[in-house]
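This briefing sets out selected features of one protein chain for a computational chemist. The points are grouped by topic and are best read alongside the sequence and coordinates.

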Amino acid sequence: MPVVIIHSHLNPGGVTRIIQSQIDSLEGEEIKVLVGACPDAGKITSPNAELHIIPELDYLERRKYTDQEAMEMLHKIHSEIRDYITPDTVLHFHNLNLGKNPIVTYAVYLLAKEGVKVFNHAHDFAEDRPSNYAFLEEIIYGNFSQNINEVLYPKLPNYHFGVLNSFDFERLQGLGVTDDRIEWLPNPVTFNASGDLPEKTDAKKAICEELNIDANKLLVTYPVRVIQRKNIGEFILLSILFRHRANFAVTQPPQNPVEIEMYNQWIKFCNDNEIDIVFEAGKKVNFEKLLRGTDFCITTSYKEGFGMVYLEPWLLDTPVVGRDIDFITRDFKNDGFSFPTLYYKLNIPGIKTDFKDLNLKMQMEIIQGVVSGKIEKHKLFEQNPILNTLFSDVKSYITEKNKTIIKNNYSLQGYGIKLQKRYKKMVG
């Protein structure tokens, strides 16, 4: 059946990786990929997928729009998408309701009302990003006088949803979406490791030489693009607490201009305070060799859509430690997954608030306090006993068990079978 996949862009990142996996899993289907921007068209290599660029699908500039402006854009977007649709097409849209382009959200709602089969694949929700939700309200209610809940969660039999976890499944139920229109679709977890990938000890030695860091220390890597919710300040604090026994590396800088100022402040802070973090390690060495040579991957994120960071490193025999997000990891734990050292909160002596909830200035002051000795390290360990075992050895049987669960429950093949069943259900 014809499948039209739509997203704002194909910039490097989690959703783009999922779109690539989705295409791979739908071998034999006729696929068109519509995006607003694509910096590297070579990313779409499957012979059954055609890439088309429609600039109006990209993020919409945040400003006030007149009703006439909004209506003209709506007609253009509606018409451009409509050109790619036949009666049996499934329109598979990634993050349609996130509030990045409310006019596209409304255009797809109108297409669904005309009978187009829409699969709204929700990786993230605007309800968790107040400024995005406000932008949706400005356009959908302000310009088009439509009820926002009706547009975001229409009660139409041809409008289905895909979610990544049980938490979002329950969220949609609470918003009135019936179970038969929700597909629980965890991301596939694969890592196409090269056949010549070295053994772990050899990979670590090579990586440490390339990064010019001490191979006798542990190598702790945060495989992430640094944005606000990834909580990089906490990662830097941990690097101070363990600087005598571990090197800390983080892999990618932000791409969103809004996030770059924060990122640069943290780099300057580390330079000014002689804190040895390897920034942008993923641009300096081979990424898969880095994860293979790493002793522990770490996460300090407090908000995730799926939580790939909790799973992927295990496939390269690298344990994952750090901050827990219960509504994300509960699904993995229900699968039988073991996480030896995750924590829910980082306490700071004399402060009642969790470290993650402090603003950037306060986080920097605390880290400077630890660096200078004004805040005693042993008190941090006393108030956070989990830190004493954060980097303890992980038994090989735990690694093997986790790898087996990933291969059995999060395979690309299983992902494709689920998608095709859902599409067939929609087409009838």
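In this predicted model, Phe248 has a relative accessibility of 2% and therefore counts as buried, the cut-off being under 20%. Phe248 is placed in strand β9, which spans residues 246-252. The points below begin with the surroundings of Phe248 and proceed to cores, sheets, helix packing and loop residues.

**Surroundings of Phe248**
- Apart from neighbours within four places in sequence, Phe248 is in contact with Val220, Phe235, Leu238, Ser239, Phe242, Asp276, Ile277, Val278 and Phe391.
- The C-alpha atoms of Phe248 and Gln68 are 52 Å apart in space, and the two residues are 180 positions apart in sequence.

**Nonpolar cores**
- The largest nonpolar core comprises 46 residues. Ile6, Leu57, Ile81, Leu91, Ile103, Val108 and Leu172 have the most contacts inside it.
- Helix α3 gives the most to this core, contributing 8 residues.
- Leu57 is in contact with Ile6, His7, Ser8, Leu34, Val35, Gly36, Ile77, Ile81, Asn101 and Val104, when its neighbours within four places in sequence are left aside.
- Another core, of 42 residues, lies apart from the largest one. Val226, Ile275, Leu358 and Phe391 are among its members.
- Phe391 thus appears both in this core of 42 residues and among the contacts of Phe248.

**The open sheet of seven strands**
- An open sheet is formed by 7 strands in the order β3-β2-β1-β4-β5-β6-β7, with parallel pairing.
- Strands β3 (49-53) and β7 (182-184) each have a single partner strand and stand at the edges, so one side of each has no neighbour in the sheet.
- On average, neighbouring strands of this sheet are turned by 20 degrees against each other, with direction ignored.
- Within the sheet order, β5 is followed by β6; β5 (residues 117-122) and β6 (residues 159-163) pair in the parallel sense over 5 bridges.
- Ala122 has Val163 in β6 as its bridge partner.

**Strand β11 and its partners**
- Strand β11 (residues 296-299) is covered on both faces. Phe296 and Ile298 lie on one side, Cys297 and Thr299 on the other, and all are buried.
- Strand β8 (residues 218-225) runs parallel to β11 and is joined to it by 2 bridges. Thr221 has Cys297 in β11 as its bridge partner.
- Strand β12 (residues 320-323) also runs parallel to β11, and 3 bridges join the two. Thr299 is bridged to Gly322 in β12.

**Helix packing: α8 with α13**
- The axes of α8 (residues 232-241) and α13 (residues 360-372) come within 10 Å and cross at roughly 5 degrees.
- Angles under 35 degrees count as roughly parallel, and α8 and α13 are therefore roughly parallel to each other.
- Gly233, Ile236, Leu237, Ile240 and Leu241 of α8 meet Gln363, Ile367, Val370 and Val371 of α13.
- The residues of this contact comprise 7 nonpolar, 2 polar and no charged.

**Helix packing: α1 with α16**
- Helix α1 (residues 14-25) packs against helix α16 (residues 412-427) at an angle of about 75 degrees, with the axes 9 Å apart.
- An angle of 65 to 115 degrees counts as roughly perpendicular, which is why α1 is described as roughly perpendicular to α16.
- Ile18, Ser21, Gln22, Asp24 and Ser25 of α1 make the contact with Leu412, Tyr415, Gly416, Leu419 and Tyr423 of α16.
- By class, the contact of α1 with α16 has 5 nonpolar, 4 polar and 1 charged residues.
- Ser21, in helix α1, has a relative accessible area of 14% and is buried.
- Not counting residues up to four places away in sequence, Ser21 touches Pro188 and Leu412.

**Loop residues with positive phi**
- Asn95 has a phi near 55 degrees, a positive value in a residue other than glycine. Asn95 lies in the loop between β4 (90-94) and α3 (102-113).
- With 10% relative accessibility, Asn95 counts as buried.
- Glu280 has a phi near 60 degrees, likewise a positive value in a residue other than glycine. Glu280 is in the loop between β10 (277-278) and α10 (281-284).

Conventions:
Residues are numbered from 1 along each chain as its sequence is written. This is a predicted model: local features need pLDDT of at least 70, side-chain atom pairs count only at pLDDT 80 or more; totals for chains, interfaces and linings use all residues. Side-chain values use heavy atoms; hydrogens and water are left out. Axes are lines fitted to C-alpha atoms, for helices over the stretch in contact, and angles run from 0 to 180 degrees between N-to-C directions. Helices (H or I, at least four residues) and strands (E, at least two) are DSSP runs, numbered from the N terminus. Angles under 35 degrees count as roughly parallel, over 145 as roughly antiparallel, 65 to 115 as roughly perpendicular and the rest as oblique. Contact means heavy atoms within 4.5 Å. Ala, Val, Leu, Ile, Met, Phe, Trp, Tyr, Cys and Pro count as nonpolar, Asp, Glu, Lys and Arg as charged, and the others, Gly among them, as polar. Buried means under 20% relative accessible area, exposed over 50%, partly exposed in between (1.4 Å probe, protein chains only). A nonpolar core is a set of buried Ala, Val, Leu, Ile, Met, Phe, Trp, Tyr and Cys residues joined through side-chain atoms within 4.5 Å. Two strands pair if DSSP finds at least two bridges between them.
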